[in-house]
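Biologist: Please take a close look at a single part of this model, the surroundings of what is bound there. I should then like to see a few other local features set out beside it.

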Amino acid sequence: MPRGKIQRILVTGSSGQIGTELVVELRERYGSDNVIASDLRPEQEGNEGGPFEQTDVRDAERLREIIRRHDVDTVVHMAAILSAKGEREPLLAWDVNVRGLLNTLELARELKLTQVLCPSSIAVFGEGCPTENTPQETVLKPATMYGVTKVAGELLCDYYARRFGVDARGLRYPGIVSSEALPGGGTTDYAVEIFYKAIEDGRYTCFLREDTRLPMMYMPDCIKATIQLMEADADGLRHHGDFNVASMSFTPEELANAIRRHLPDFEITYEPDYRQEIAESWPSSIDDSAAREEWGWEPNYDLDAMAADMLEKLRARHEAGALYK
Ligand code: NAD
Ligand code: AKB
């Protein structure tokens, strides 16, 4: 059993791209009844394998009530508004991302929770930082409201750790590619959509330019990194809410070529929109040596392994008439 002091976990934003798969894996490891899923959206079909609470993370009273009633000791805080949606609704992004995390950290302090894990993002980077192999410690001047909220989130995690001894942890995920739940309003979403369209139509119109290189990660590695950091010995951690994690970087053209190795007739065209500017403010690759040194991070998937697995899974669903779940 991998558990240490973690016994009962609340996952906020559990119906999202990452939460959907994380809840399944956490229930495997910790037991179905010990992982409470929660989201603003009502419970989704297929996610009924354990307790679910519909809630808004901006509502601290409701969060307190859920944490107490379920005897939760650890919160994995996935509820957020991502970059593209956040540029359309910046005040909503600030409110959900910062107030939601602050509520969670305050409850962790008040109720003496074991741990809070809140993901950060490569969106914390912006003007003035090196764009290749971006270091762990560098200038953080994001160009988006989403990035501003993620920098604030990292600082809040560090503050609650230093000031109140809350065990607050987080990783700067790159763009996540996955086969189970669709992404929810980010700039890296193209790297998921492209696979669905390749299977469905044999062609895709990409909203980023062909040479836009971004750091990316396949969902099995994202889940592995998240759980590895949750379960890492606190004594070995010098960082808290801001670990760079990397596995691969690619451009839309390189991703299209990886898909063509399986579907030679696949066609891609480019119509960059407002998300191009967001992507251009982010690094093309990041240095994750702190995560490797402090908690043994190592990814399993590269571009070709990810493309093969995505296409196999989506093709099987398409043939069964259930590409979109
Ligand atoms: P997502 O958009 O797919 O899911 C977020 C979930 O939060 C949604 O189900 C949504 O309904 C829920 N939510 C929104 N507002 C809420 C509120 N007020 N109260 C409760 N729930 C609310 O996002 P995701 O991709 O699963 O991301 C999870 C975390 O990982 C976020 O913190 C995100 O910033 C971070 N992250 C994701 C990626 C990625 O590529 N997916 C990359 C970097 C960081
Ligand atoms: C987004 O594109 O907003 C996310 C992220 C990199 O944080 N996928």
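Modeller: A residue is called buried when its relative accessible area is under 20%, exposed when it is over 50%, and partly exposed in between (1.4 Å probe, protein chains only). The model is predicted, with local features requiring pLDDT of at least 70, side-chain atom pairs counted only at pLDDT 80 or more, totals for chains, interfaces and linings using all residues, and side-chain values taken over heavy atoms, without hydrogens and water. Residues are numbered from 1 along each chain as its sequence is written, while chains are lettered from A and ligands numbered from 1 in the order in which they are written.

I begin with ligand 2. Its surroundings (residues with a heavy atom within 4 Å) consist of Leu82, Ser83, Ser121, Ile122, Tyr146, Gly186, Thr187, Thr188 and Trp282. Among these, three side chains make polar contacts (N or O atom pairs within 3.5 Å) with oxygen of the ligand. For serine 83, a side-chain N or O atom is 2.5 Å from an oxygen atom of ligand 2. The corresponding distance for the side chain of serine 121 is 2.6 Å, and for that of tyrosine 146 it is 2.7 Å. On its own, ligand 2 has 250 Å² of accessible area (Shrake-Rupley method, 1.4 Å probe), and the protein covers 94% of it.

In terms of residue class, the shell around ligand 2 holds four nonpolar and five polar residues, and no charged ones. Here Ala, Val, Leu, Ile, Met, Phe, Trp, Tyr, Cys and Pro count as nonpolar, Asp, Glu, Lys and Arg as charged, and the others, Gly among them, as polar. Ligand 2 lies between two domains, because domain 1 (9-175 + 217-244) and domain 2 (177-216 + 248-282 + 302-319) both give residues to its shell. The bounds of these domains come from an automatic or database domain assignment.

Tyr146 leads on to ligand 1. That ligand is surrounded by 28 residues, of which the closest are Gln17, Asp39, Arg41, Tyr146 and Lys150, and Tyr146 is also listed around ligand 2. Glutamine 17 takes part through its backbone, an N or O atom of which lies 2.8 Å from an oxygen atom of ligand 1. Aspartate 39 places a polar side-chain atom 2.6 Å from an oxygen atom of ligand 1, and the side chain of lysine 150 has an N or O atom 2.8 Å from an oxygen atom of this ligand. Taken alone, ligand 1 exposes 830 Å², and the protein buries 94% of that area.

The shell around ligand 1 contains 13 nonpolar, ten polar and five charged residues. Helix 1 (17-30), strand 6 (120-121), helix 5 (145-164) and strand 9 (175-177) each contribute at least two residues to it. These elements are DSSP runs numbered from the N terminus, with helices (H or I) of at least four residues and strands (E) of at least two.

Helix 5 deserves a further remark. Threonine 149 is found in this helix and counts as buried, its relative accessibility being 2%. Between the C-alpha atoms of threonine 149 and isoleucine 36 there is a separation of 25 Å, with their positions 113 residues apart along the chain.

Other helices supply the remaining features. Tryptophan 94 belongs to helix 4 (residues 90-110). A relative accessible area of 39% makes tryptophan 94 partly exposed. Its C-alpha atom is 7.1 Å from that of methionine 145, although the two residues are 51 residues apart along the chain.

Helix 6 (residues 190-200) has eight buried residues out of eleven, and is therefore largely enclosed by the rest of the structure. The buried ones are Tyr190, Ala191, Val192, Ile194, Phe195, Tyr196, Ala198 and Ile199. Just after helix 6, glycine 202 adopts a positive phi of about 75 degrees.

Two further backbone angles deserve attention. Most residues other than glycine have a negative phi. Aspartate 71, which is not a glycine, nevertheless has a positive phi of about 55 degrees. Aspartate 71 sits in the loop between helix 2 and strand 4 (74-77) and is exposed, at 56% relative accessibility. Lysine 112, likewise not a glycine, has a positive phi of about 55 degrees. Its place is in the loop between helix 4 and strand 5 (115-117), where lysine 112 is exposed, with a relative accessible area of 71%.

Terms used: Polar contact = N/O pair within 3.5 Å; in protein donor to acceptor, adjacent residues only side chain to side chain.
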